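Hi everyone, thanks for making time for this. Please have a look at the structure on the screen, and then I'll walk you through a few side-chain contacts.

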Amino acid sequence: MASSRNNDYTPAAAMPDYLIRHTTLRQLQVFEAIVRLGSFTRAAEELFLTQPTVSMQIKKLTDSLGLPLFEHVGRNVEPTEAGLALYKSSREVFETLANLEMTVADIKGLRVGRLRMGVITTAKYLAPEILGEFSRLYPGIELALKVTNRERIIERMHSNEDDLYIMGQAPEDELDVEAYPFAPNPLVVMAPRDHPLVGKKNISLSELVEHPFIMREPGSGIRDATLRLFAAAGLQPRVRMELGSNEAIKHAIVGGLGLAVLSLHTLALEGPDGPVAILDVENFPIHRQWYIVFPKGKELSLVARTFLDFVIASEARIREDIVATWPLLMQQPQTRTRKKAAPRKRKTAK
């Protein structure tokens, strides 16, 4: 008998027969997304469903349990006590299924499988290229890429929603993670092509702050690095406006609204001869790294482990591509007043 061979065997009479017959995994998925995102609309967008479909799934789930799952608090929806209990159980179900998916993928090898990536917005210029090369090596792997801001990436990491993450700065204060540097991420000062500082050599920071700046929103890693550099020189840039996307900032630069510090990767499509010019400024570029990150202790699938190794091994090629496109910029020292730091091979952040 199975019960004599396996102490974990659950007899059929103990199975949750009612829930099995009256609820579906899709209903639980919709419910989990609403609680996690705090919105029916955002859940519908993430799952590519219409809002009426989301509402219908929740109504069926509510009817099956016989208890309200949400309550309205002002303009927001919050889970009830029953909703919180269901959310906890749903997360456990999905975690178990995710582990099963990893096991099946490992058994099958890399012929099939799925890789879920979360990347910050600036990395959207780099990540698709790397994923494309990986896909050519392993065409059977299904790829999912979520591009969002740093705050949302950290939320997704807390919820274990993806396999791996690409960030410009490891979330040392928010989460215990493993972080591997794999590509250079130089930050440069950008200006419209017809700006009077274009072509001038070794522009001082004090001269730079006489011009208005366009900044990313508070909490941005690029913004923090820029302000730290100016603060170290006892200066503060004059911020004319804050924008939440790199594309919007580039358009504002071209429109003559100000200077900005952005990742060199944001000019991947325009190249060195586009409408945005790079200024020759002391202490620039700020040499940062791209990191591939995951929560410490997380069990990576075979697919995720293979991609991690692939990305780390790609560092030299990515650096060569950048140097080939921007030879003069990448030959500059990190600063004209400090020695360049030794490359970091691996970082464990806490």
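Let's begin with two phenylalanines: Phe-213 and Phe-230 are both buried. Please keep in mind throughout that this is a predicted model.

Now to the aromatic rings in general. How many aromatic pairs does the structure hold? There are eight. Take Phe-134 and Tyr-138 as one of them: the ring centres are 4.9 Å apart and the planes meet at 45°, so this pair is tilted. A tilted pair is one whose planes are neither under 30 degrees apart nor over 60. As for their surroundings, Phe-134 has a relative accessibility of 0% and therefore counts as buried. Tyr-138, on the other hand, is partly exposed, at 25%.

Back to our two phenylalanines. How are the rings of Phe-213 and Phe-230 arranged? They are edge-to-face, with 5.7 Å from centre to centre and 80° between the planes. This pair also links distant parts of the chain. Phe-213 belongs to strand β7, residues 212-216, while Phe-230 belongs to helix α10, residues 221-232. The two are 17 residues apart.

Rings can also gather in a group. Phe-134 and Tyr-138, which you have just met, form one aromatic cluster together with Phe-307 and Phe-310.

Let's move on to charges. Side chains of opposite charge can pair when their charged atoms come close. In this structure we find 19 salt bridges. I've picked three for today.

The first on my list joins Glu-32 and Arg-91, with 2.7 Å from N to O. Which helices do these partners come from? Glu-32 sits in helix α3, residues 25-37, and Arg-91 in helix α6, residues 81-108, so the salt bridge ties together parts that are 59 residues apart in sequence. Glu-32 is buried, at 5% relative accessibility, whereas Arg-91 is partly exposed, at 21%. The cut-off explains that last label: buried means under 20%.

Next come Arg-156 and Asp-162, whose closest N and O atoms are 2.9 Å apart. Are these two buried or exposed? Arg-156 is buried, with a relative accessible area of 7%, and Asp-162 is buried too, with 3%.

My third example is Lys-250 with Glu-247, a salt bridge of 3.2 Å, N to O. Here the partners share helix α11, residues 246-254, and because they are three residues apart, about one helical turn separates them. Lys-250 is buried, at 5%, but Glu-247 is partly exposed, at 29%.

Some of these residues belong to something wider. Glu-32, Arg-91, Arg-156 and Asp-162 are among the members of a network of salt bridges. That network also includes Arg-36, Glu-46, Arg-152, Glu-155 and Glu-161.

Finally, let's go to the surface. Leu-25, Val-93, Leu-97, Leu-100 and Val-104 form a nonpolar patch there, with about 380 Å² of accessible area together. Which helix gives the largest share of the patch? That is α6, with four residues. Leu-25 is found in helix α3, and its relative accessibility of 47% makes it partly exposed. These are helices you know already: α3 and α6 also hold Glu-32 and Arg-91.

That's my tour, and I'm happy to take questions.

Definitions and conventions. Residues are numbered from 1 along each chain as its sequence is written. This is a predicted model: local features need pLDDT of at least 70, side-chain atom pairs count only at pLDDT 80 or more; totals for chains, interfaces and linings use all residues. Side-chain values use heavy atoms; hydrogens and water are left out. Rings of Phe, Tyr and Trp (its six-membered ring) pair if their centres lie within 6.5 Å; planes under 30 degrees apart count as stacked, over 60 as edge-to-face and the rest as tilted. Buried means under 20% relative accessible area, exposed over 50%, partly exposed in between (1.4 Å probe, protein chains only). A salt bridge is a side-chain nitrogen of Lys or Arg within 4 Å of a carboxyl oxygen of Asp or Glu. Patches are made of residues with over 30% relative accessible area and no salt bridge: like charges are joined within 9 Å, nonpolar side chains (Val, Leu, Ile, Met, Phe, Trp, Tyr) within 5 Å. Accessible areas come from the Shrake-Rupley method with a 1.4 Å probe; for residues, only the protein chains shown count as cover.
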